[in-house]
Amino acid sequence: MNPARGDDPGGAALPPPEPAAIEHSERLRRRIGEAIDAAGGVIRFDRYLQMALYEPGLGYYSAGLAKLGAAGDFVTAPEISPLFGDCLARQLDDLIAQGCAPQVLEFGAGSGALCAQLLAALPMLERYLILEVSADLRARQQAQLRATLDADAFARVEWLDRLPDGFDGLVVANEVLDAMPVRLAEKQDAWLELGVACRDGELGWQAVAPDAPLDAAIGSVERAAGELPAPYRTEFNLNLAPWLRALADACRRAVVLIVDYGYERAEYYDPARHRGTLVCHYRHRVHDDPLWYPGLQDISAFVDFDAVADAAEDCGFTPIGLVTQARFLLANGLLEAAARRHAGAAATRARVELAQQVKTLTLPQEMGEKFKVLGLALGVDVGVPALARVGRDG
Ligand SMILES: C[S@@+](CC[C@H](N)C(=O)[O-])C[C@H]1O[C@@H](n2cnc3c(N)ncnc32)[C@H](O)[C@@H]1O
């Protein structure tokens, strides 16, 4: 998705949900209210997000909503253009030529679009594993890939219920880290954590004391990025380290490519970014109220790529580079891929669309700079020139 896009940053003109959707959100809100009661009157924001996004049958990603694509709430790079898959395939092809095993593990495969693109471009792939937390998306991926892939390619796709043992190959996560539940903290005279309470059936904010893990995360950011001014609100992804630890434990040899919108630490915790990075998507509009109709909207936070790289190193990964999406795609033959598809496109309209897709993927004001690609290696020594920075902005 492009979190900068959207003509409604304040949320004032969000289209009203249908009555059935409101009823759906009400059911989830009641479930969240029960969790709040059970917890003694307030839950931490990551628990709220876990329920708003992933509560079985009710959460945004777990219920049967359209989510991705024109009929949903946002689009991602593999949905925008097959050129994204062309470039990623070229990178994976190069890594396989350097000795990486021809297997892919994709986290959070969305509609299955990237899987289809990679299997089409890389016939040598022996297995394509998908680990998807949403049962609804998993079912959609299975239906979509069964309908679009040939039988041989489809037979190589495997959906996992848990991480594999001793994985050897290539790991891909496009826009997965931004969808992980985060903690929310606010600095006033001191740091507070923002939790979610329920009064008279309405969800609202309630300050709680940060627990030890959040305290430690705040301390390490202020040590690295400098003391933050007050007032200052921001997010902390405490799920990152356990996710990377589990991934490291599951892999024998791997190269991991993480693509997402985010910043390095100094930019993430810029004093000017005092309202944090949370972003909500509903019907291709962007707004900033995560408590609005839980279950009907996507809620995400930008990724602190230094936090990812540091936590990854603690787990034994070697960071092999962080660059903008534009740089990564261009270094992996974006323009050549566009020219090839352009030459093969019969209709003028298709050619115009390709040119537009290149712009969307690479222009700084679109996805080009806000999205970054981070590479991590475990147990392999590979060269990835596309992840090497050139000049100031990488
Ligand atoms: C914003 S969507 C991106 C989908 C897809 N990668 C794409 O680019 O179109 C986020 C996806 O990540 C999945 N997800 C979130 N946390 C996950 C986790 N810890 N493990 C696996 N999948 C996860 C969601 O269910 C969803 O499929």
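Which residues touch the most other members of the largest nonpolar core? In this predicted model, that spot goes to Cys115 and Val308, out of the 114 residues that make up the core. Strand E10, covering residues 251-263, puts in the most, with 8 residues. Setting aside residues up to four places away in sequence, Val308 touches Leu177, Leu240, Ile258, Val303 and Leu374. Two of those names, Ile258 and Leu374, come back below as partners across a pair of strands.

Cys115 leads on to helix H5. Helix H5 spans residues 113-121 and is mostly covered, with 7 of its 9 residues buried. Cys115 is one of the buried residues, and the others are Ala113, Leu114, Ala116, Gln117, Leu118 and Leu119. The helix sits on the path between two strands: the chain leaves E2, passes through H5 and arrives at E3, making a β-α-β crossover that is right-handed.

Strand E2 itself (residues 103-107) is a well-hidden piece of chain. All 5 of its 5 residues are buried, so the rest of the structure largely encloses it. In a regular strand, side chains alternate between the two faces of the sheet. Here both faces are covered: Gln103, Leu105 and Phe107 are buried on one side, and Val104 and Glu106 are buried on the other. E2 pairs with strand E3 (residues 127-131) in the parallel sense, over 5 bridges, and Leu105 has Leu129 of E3 as its bridge partner. E2 also runs parallel to strand E5 (residues 167-174), with 4 bridges joining them. On that side, Glu106 is matched with Val172 of E5 as its bridge partner.

A second set of strands is built around E16 (residues 371-378). Is this strand enclosed or exposed? The count says enclosed: 8 of its 8 residues are buried, so the rest of the structure largely wraps it. As with E2, both faces are covered. Phe371, Val373, Gly375 and Ala377 are buried on one side, while Lys372, Leu374, Leu376 and Leu378 are buried on the other. E16 runs antiparallel to E10, and 8 bridges join the two. Within this pairing, Ile258 stands opposite Leu374, and both of these residues are also among the contacts of Val308. E16 pairs with strand E15 (residues 318-324) as well, again in the antiparallel sense, over 6 bridges. There the bridge partner of Val323 is Val373 of E16.

E10 also carries a charged residue, Arg253. Arg253 counts as partly exposed because it has 15 C-beta neighbours inside 10 Å, under the cut-off of 20 for a buried residue. Its contacts, leaving out residues up to four places away in sequence, are Asp168, Leu378, Gly379 and Val380. Leu378 belongs to the buried set of E16. Arg253 is also brought up to a distant part of the chain: its C-alpha atom is separated by 8.5 Å from that of Ala101, although the two are 152 residues apart in sequence.

As for the ligand, 20 residues surround it, and the closest are Thr76, Gly108, Gly110, Ser134 and Asn174. By type, the shell splits into 12 nonpolar, 5 polar and 3 charged residues.

Some backbone details are also worth a look. A cis peptide bond links Ala230 to Pro231, with omega about 0°. Pro231 lies in the loop between helix H8 (212-225) and strand E9 (232-236). Two residues that are not glycine have positive phi values. One is Glu175, where phi is near 55°. Glu175 sits in the loop between E5 and strand E6 (183-187), and it is buried because 22 other C-beta atoms lie within 10 Å. The other is Arg283, with phi of about 50°. Arg283 is found in the loop between strand E11 (279-282) and strand E12 (285-287). With 16 C-beta neighbours inside 10 Å, Arg283 counts as partly exposed, whereas Glu175 is buried.

Technical notes
Residues are numbered from 1 along each chain as its sequence is written. This is a predicted model: local features need pLDDT of at least 70, side-chain atom pairs count only at pLDDT 80 or more; totals for chains, interfaces and linings use all residues. A nonpolar core is a set of buried Ala, Val, Leu, Ile, Met, Phe, Trp, Tyr and Cys residues joined through C-beta atoms within 7 Å. A residue is buried if 20 or more other C-beta atoms lie within 10 Å of its own, exposed if 12 or fewer, and partly exposed in between; C-beta atoms are placed from the backbone. Two residues are in contact if their C-beta atoms, placed from the backbone, lie within 7 Å. A residue is near a molecule or strand if its C-beta atom, placed from the backbone, lies within 6 Å of it. Ala, Val, Leu, Ile, Met, Phe, Trp, Tyr, Cys and Pro count as nonpolar, Asp, Glu, Lys and Arg as charged, and the others, Gly among them, as polar. Two strands pair if DSSP finds at least two bridges between them. A crossover is right-handed if, with the strands pointing away from the viewer, the path from the first strand over the helix to the second runs clockwise.
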